[in-house]
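Welcome! Take a look at the model below, and then we can talk through how a few of its descriptions are reached.

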Amino acid sequence: MLRQISSFWLRHIHPHLATLIATIGIVGIASCLLILFVLAQLAEEVLEREAFAFDTTFLLWLHQFANPHLENLMLFVTNLGNPNTVVVVAGGTFLLLWWRRYREEAKIFVLVCLGGLILNTGLKLFFSKPRPELWHQLISEKSFSFPSGHALGSMVLYGFIAYELAIHYPNFAKIIYSLTVILIAAIGISRLYLGVHWPTDIIAGYGVGFLWLMICITMLKLQRLRQGNLVD
């Protein structure tokens, strides 16, 4: 029995696992597993309608810094994650990839965007968590709160764009990724500052978005490996 299990592992599991590790890396796999654990804990609490004490505490602490200048800045930043802006950026990116004949990247990019939309909509409806109402808000949001669509959407959209730019301009990879992290973080902070999301919504949005982004990038890398093997 042990020999059969060992044989099955070596023939069917180990080759795929080795390829996956080579594609994502140990750090990438460990990061994904940690994010899955955190998301599972958050999801369990949200399903049980448990309140996170630090959610309210953090929002009230952040709100004490409110002023007209910051409000204008945060409204501008949050617009970078709004559906209208996202559609324009996504459409322009797809057309550019297709025009430059990066067909596989363009197809994966469509998958990235559609998957992010489906995940956001499905999870919001599944958890049905109400949004915070701690003060008079500058913007009105009608959908559910968990997870944050802005956090999830910015992670998959701008994250994939950053990955593509870093691949084609490796000398500027650190700058590209640094600016992208700042942008994605700023969008999440803007949602908290405006009081339309709990901190746990933002964390969950980033987590789900990162996992989906890693899945799509892995598929793209594996596709490139297959094409390379066929050429060889």
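Q: Why are α4 and α8 called oblique to each other?
A: This is a predicted model, and in it helix α4 (residues 68-79) and helix α8 (residues 173-193) pack at an angle of about 125 degrees. Angles over 145 degrees count as roughly antiparallel and those from 65 to 115 as roughly perpendicular; the value for α4 and α8 falls in neither range, and therefore the pair is oblique. Their axes lie 8 Å apart, and α4 passes α8 in a left-handed crossing.

Q: What makes the contact between α4 and α8?
A: From α4 come Leu70, Glu71, Met74, Val77 and Thr78. Helix α8 brings Ala186, Ile187, Ile189, Ser190, Arg191 and Tyr193. Sorted by type, the residues of this contact are seven nonpolar, two polar and two charged.

Q: Which residues have the most contacts inside the largest nonpolar core?
A: They are Phe109 and Phe160, in a core of 34 residues. To belong to such a core, a residue must be buried and joined to others through side-chain atoms within 4.5 Å. At least two core residues each are supplied by α2 (26-47), α5 (83-99), α6 (103-127), α7 (149-168), α8 and α9 (199-231). Helix α9 gives the largest share, nine residues.

Q: What is phenylalanine 109 in contact with, leaving aside its neighbours within four places in sequence?
A: Its partners are Ala90, Thr93, Phe94, Leu97, Leu157, Phe160 and Ile161.

Q: Which residues does the second, separate core include?
A: Among its ten residues are Leu62, Ala151, Leu194 and Ile202.

Conventions:
Residues numbered from 1 in each chain as written. Predicted model: local features only at pLDDT ≥ 70, side-chain atom pairs only at ≥ 80, totals over all residues. Heavy atoms only, no water. Axes fitted to C-alpha atoms, helices over the stretch in contact; angles between N-to-C directions. Helix = DSSP H or I, 4+ residues; strand = E, 2+ residues; numbered from the N terminus. Parallel < 35°, antiparallel > 145°, perpendicular 65-115°, else oblique. Left-handed = near helix turned anticlockwise from the far one by under 90°. Contact = heavy atoms within 4.5 Å. Nonpolar A, V, L, I, M, F, W, Y, C, P; charged D, E, K, R; others polar. Buried < 20%, exposed > 50% of the residue type's maximum accessible area, 1.4 Å probe, protein only.
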